[in-house]
Amino acid sequence: MKYVSTRGKADILDFEGVTLAGLARDGGLYVPQSIPVLSEQTICEMAGRSYPEVAFTVIKPFIGGVIDDHALKAMLEETYNETVFRHAAVAPLVQLGSNDWVLELFHGPTLAFKDFALQLLGRLFDHFTAKRGQKLTILGATSGDTGSAAIEACRGRDNITIYMLHPHGRVSEVQRRQMTTVLEPNVVNVAIDGTFDDCQALVKACFNDLSFRDDVSLTAVNSINWARVMAQIVYYFTSATALGAPARKVSYSVPTGNFGDIYAGFIAREMGLPIDKLVVATNSNDILARTLQTGRYARGDVHATISPSMDIQVSSNFERMMFDLSGRNGAAIASSMQAFADCGEIRLAEAELNVARGIFLAEQVTDEVTKKVMAAKFRGSGYVSDPHTAVGLKAAGLLPESGPARVTLSTAHPVKFGAAVVEATRHQPQLPKHMSDLYEREERFVSLPNSVDALQGLVLEGRVQ
Ligand SMILES: *Cc1c(COP(=O)(O)O)cnc(C)c1O
């Protein structure tokens, strides 16, 4: 399996190459040259298998032989088990209505779905750096959950230093503490005076500075890294087959920000999993919903909401989707993305829009409605959901009540966004035992202005010491 850039100009790489590179050198994102299709028989056989077993079947074709089967199996078993994800099913389904399900993806070490990808990515980095005798600098931006999940995946690893940027004062206290209380010397938390999009722009600027990039062996953990998308494909397979696929179709409502999680669902569908619809569930930062409605992918202002991990107006992974919609035309994507950088807008062709509308539905959900949904689900079934999940639960209402099973991805544990949960439901969610002392732990972070020079200075300084 080889990987190409969405902008058509970067070197074609193997899985090891794209995992270590993150962003492609032409500014694009890496995607597989072709999507492997699993037979109906293979999908049938997934029912009743353990999470790591299904993961092996789904992931193996993407690895393209750069990790041998035995090592890959061991890595997946070490990642997806009850000590890392504190639930025997790893990704359990909970039934809320006759045809409604929640796929709980928050049982990992940092209580959000990002652990699924990052726990694997940390181990992949370890595997490849050890093999190459190389050191890596990881640079990431987080609107909250990526940061802690990446830090948790990299803490104490010998060949990795991780710099994690978060927008100062714009992440929840639990989210901040999960990052800033990790005191290992290979972890540097940076609070940026700006928004999440500013943080993401700083990261992109560092990656686009090729000499800096080479000097410090820069690698990404944001969802621009293909390995993250790949890891997220797995739980679509485990959940759909548990609900009767391939005989029965399943639709998913996905709380969406950077379009990584839902894009993994799109890939699962391309691989042959009978997914009917994918619902893009957004808060009032609705660039994707507007794009599907109007055909214009146009930047808007970022609004702070009670679902802050989706307070994003530029969805990096949407470039991968546009690449697919364009018939995999790298030159066209390169010029579209240039136009977007220049004027903040791209227009999708009518034909592309029709293809997208055949697969994706979208709904934007306000904070007020989100709170009402949290309250109603708590009253109706005693189910406590976090605000991101509640956005998804509302948007799942776009799907017909009878027909394909309706699954909402639950992307975070309610305790991570406790204040919003208490306000909506008067119910105080509890921290799991393994992090009950989070509020007593010492915090450490560096504050920086929204400046590429300041950031590069910090990273280079770290190299010297
Ligand atoms: C990151 C995140 C999302 C958005 O996922 P994307 O892959 O960026 O679309 C949704 N909910 C939570 C809790 C998250 O942490």
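**The ligand site and the cysteines**

Let me start with the ligand, which in this predicted model is surrounded by 15 residues, the closest being Lys114, Asp145, Gly257, Asn258 and Thr411. If we sort that shell by class, we count 5 nonpolar, 7 polar and 3 charged residues around the ligand.

What I would like you to look at next is the backbone. At phenylalanine 259, a backbone N or O atom lies 3.0 Å from an oxygen atom of the ligand, and at glycine 260 a backbone N or O atom lies 3.2 Å from a ligand oxygen. Moving on to aspartate 261, a polar backbone atom of that residue is 2.9 Å from an oxygen atom of the ligand. As for how much of the ligand is covered, taken alone it exposes 380 Å², and the protein buries 97% of that area. The cavity picture belongs here too, since the space that the ligand takes up is the largest cavity.

Now to the cysteines. How many disulfides does a search of the whole structure find? The search returns 0, and two residues let us follow the reasoning. Cysteine 154 has its closest cysteine sulfur in cysteine 206, but the two sulfur atoms are 17 Å apart, which is too far for a bond, because a disulfide requires a pair of cysteine sulfur atoms within 2.5 Å. Cysteine 206, for its part, is in no disulfide either, and the cysteine sulfur nearest to its own, that of cysteine 199, is 12 Å away.

Are these two residues, cysteine 154 and cysteine 206, buried or exposed? Cysteine 154 is buried, having a relative accessible area of 1%, and cysteine 206, with a relative accessibility of 0%, counts as buried as well.

To close, I would keep two points together: the protein buries 97% of the area that the ligand exposes when taken alone, and the search for disulfides across the whole structure finds 0.

Definitions and conventions:
Residues numbered from 1 in each chain as written. Predicted model: local features only at pLDDT ≥ 70, side-chain atom pairs only at ≥ 80, totals over all residues. Heavy atoms only, no water. Near = heavy atom within 4 Å. Polar contact = N/O pair within 3.5 Å; in protein donor to acceptor, adjacent residues only side chain to side chain. Areas by Shrake-Rupley, 256 points an atom, 1.4 Å probe, with all protein chains shown as cover. 1 Å grid on protein atoms, 1.4 Å probe; cavity = no way out; pocket = protein on both sides within 12 Å on 5 of 7 lines; lining within 4 Å. Sits in = over half its atoms within 2 Å of the grid points. Nonpolar A, V, L, I, M, F, W, Y, C, P; charged D, E, K, R; others polar. Buried < 20%, exposed > 50% of the residue type's maximum accessible area, 1.4 Å probe, protein only.
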